[in-house]
Amino acid sequence: MTRRHGYALLSAIIALIVGLSAAIYVGVAADDGSTSTNALARGGAPRNSAAPASTGIWVGAWSASPAGAEPGTETSGMAGRSVRNVVHTSIGGTSARITLSNLYGQSALTITHATIAVAVTSDSAAATAETMRRLTFGGNTAVVIPAGRQILSDAVRIVIPQGSDVLVTTYSPTASGPVTFHPHARQISYVAQGDLTEEVTGTGYTEQTPYWRYLTALDVLSNDADGTVVAFGDSLTDGITSTQGANHRWTDVLSDRLRTAVESGQDVPRYSVVNQGISGNQILANGLGRPADNQSGLGRFSRDVLSRTNVKVIVIDLGVNDILRNPKLADPNKILTGLHTLVGQAHARGIKVIGATLMPFQGHRGYTPAREAVRQTVNAEIRSGRVYDAVVDFDKALRDPYNPRKLRSDYDSGDHLHPSDKGYARMAEVFDLNELKGSAPAQL
């Protein structure tokens, strides 16, 4: 070998070592300690942005709790189809990463192709072509997620505007049911036959769905936020009666209020807002199945709230279903003990907790005077300041002034339990943004 060829070979070896080191660093840096799994290597290089490395703080831009196993997917799951989830961001960023869940799967979920892109318009399966990015997991474009587990993707450079719709698409070639899903998305997502994960026109996505599948979180590296507010609740937080595709849940309106206040120079925290509501959720009781569909608030609090990215404040609005769905008369002391337990877990992490009073439901089929008395007992204790660090009084804000046992008519969706769009907006409007300041006290 000549000296010139020797230098060339040495240079090539050095370049290879540098490249491998950089790849290992990126894979490790993208992991924030969330559950990860083994990756399945697949050919093809990720199409990442050539933009300079981003700076900022990782915060939650969107999230949804895994709520159960999707009926009808027990055998084949979504094999041979591309699932394009449409999610709405509460904050913008310059890089992104996602969490995929196989919590309710009974077998391993193989994802061979996943992408993220900014939608052309709201309520659309079409992607803005220049934003299409291939996602990787530990540096690989394919991943196997064991049953009952979740995985965090590597970070990818992509500019995501605040308040935009983002498309997260996954493709699984093999049967892997049942599908972990969130049934009451209040947002249309899409499905296509075959691997169309990088298809930008959206024309292949002929099937619409009201569900979010597999996807449970979207984080962004943001210069516009310093932390995340997590809203933890039931259908009232899930926004089950809000207008589909309009982002009129109270959490959406609260996010807009925060952004407007920051932009106008008000002295309020720069936080994103994410939603961890599950319709029908209770503090104390699980749903059916193993693992349980609609797991209790106590059971899912660590996974769905404390494990979210850079959590600064938690807003809890739970308890109505413990009253309505209990076959016997609910014990208010057990409800309050459950709430104290949640607050204690948050305080152990140094996280502030704001709690909501329970809204009225006279006129609903589950209403009885005895259940109303339980609600009043719980609310009295919440208002006393002995449960939460601060209180947002949804009950006072939405009740009928002439009959405080029921919702005001224009705030009522019609079922006498869930708010209308106007009612959800009122919930966000009554929220004192200054209460978001500070952290958990040393002792409540």
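By the side-chain distance rule applied here, 18 salt bridges are counted in this predicted model. Three of these pairs are worth walking through one by one, and a linked group follows.

The pair of arginine 81 and glutamate 207 makes a good starting point, with the closest N and O atoms 3.7 Å apart. Arginine 81 belongs to strand S4 (residues 81-88) and glutamate 207 to strand S15 (residues 207-209), so this salt bridge ties together parts of the chain that are 126 residues apart in sequence. Glutamate 207 has a relative accessible area of 30% and is therefore partly exposed.

Arginine 270 and aspartate 226 form another salt bridge, and here the closest N and O atoms are 2.9 Å apart. Both partners sit in loops: arginine 270 in the one between helix H3 (250-263) and strand S19 (271-277), aspartate 226 in the one between strand S17 (215-222) and strand S18 (227-233). The two are 44 residues apart in sequence, so the pair ties these parts together. Arginine 270 is partly exposed, at a relative accessible area of 29%, and aspartate 226 is likewise partly exposed, at 33%.

A further salt bridge joins lysine 422 to aspartate 410, with the closest N and O atoms 2.8 Å apart. Lysine 422 is found in helix H9 (residues 421-429), while aspartate 410 is in the loop between strand S24 (403-407) and H9; the partners are 12 residues apart. Lysine 422 counts as partly exposed, with 46% relative accessibility, and aspartate 410 is also partly exposed, at 28%. Beyond these pairs, salt bridges link Glu372, Arg375, Arg383, Asp393, Asp395 and Arg399 into a network.

Attention now turns to the nonpolar interior. The largest nonpolar core holds 35 residues, of which Ile98, Leu100, Ile116, Ile160 and Leu218 touch the most other members. Isoleucine 160 offers a convenient view of these surroundings: once neighbours within four places in sequence are set aside, its contacts are Thr89, Gly92, Gly93, Ala96, Ile116, Val118, Val166 and Val220. Another core, of 32 residues, lies apart from the largest one and includes Phe301, Ile316, Ile323 and Val343.

Two of the residues in contact with isoleucine 160, Ile116 and Val118, are part of strand S7 (residues 113-118). Of the 6 residues in S7, 6 are buried. The cover extends to both faces, with His113, Thr115 and Ala117 buried on one side and Ala114, Ile116 and Val118 buried on the other. Strand S7 runs antiparallel to strand S12 (residues 165-172), to which it is joined by 6 bridges; among the paired positions, alanine 117 has leucine 167 as its bridge partner in S12. Strand S7 is also joined to strand S8 (residues 133-134) by 2 bridges, again in antiparallel fashion, and there threonine 115 stands opposite arginine 134.

Elsewhere, 3 strands make up an open sheet with antiparallel pairing, in the order S3-S13-S16. Strands S3 (68-69) and S16 (212-213) are at the edges and have a single partner strand each, so one side of each is left without a neighbour in the sheet. Strand S13 (residues 180-182) and S16 run antiparallel and are joined by 2 bridges, with phenylalanine 181 standing opposite arginine 213 in S16.

Terms used:
Residues are numbered from 1 along each chain as its sequence is written. This is a predicted model: local features need pLDDT of at least 70, side-chain atom pairs count only at pLDDT 80 or more; totals for chains, interfaces and linings use all residues. Side-chain values use heavy atoms; hydrogens and water are left out. A nonpolar core is a set of buried Ala, Val, Leu, Ile, Met, Phe, Trp, Tyr and Cys residues joined through side-chain atoms within 4.5 Å. Buried means under 20% relative accessible area, exposed over 50%, partly exposed in between (1.4 Å probe, protein chains only). Contact means heavy atoms within 4.5 Å. Two strands pair if DSSP finds at least two bridges between them. Helices (H or I, at least four residues) and strands (E, at least two) are DSSP runs, numbered from the N terminus. A salt bridge is a side-chain nitrogen of Lys or Arg within 4 Å of a carboxyl oxygen of Asp or Glu.
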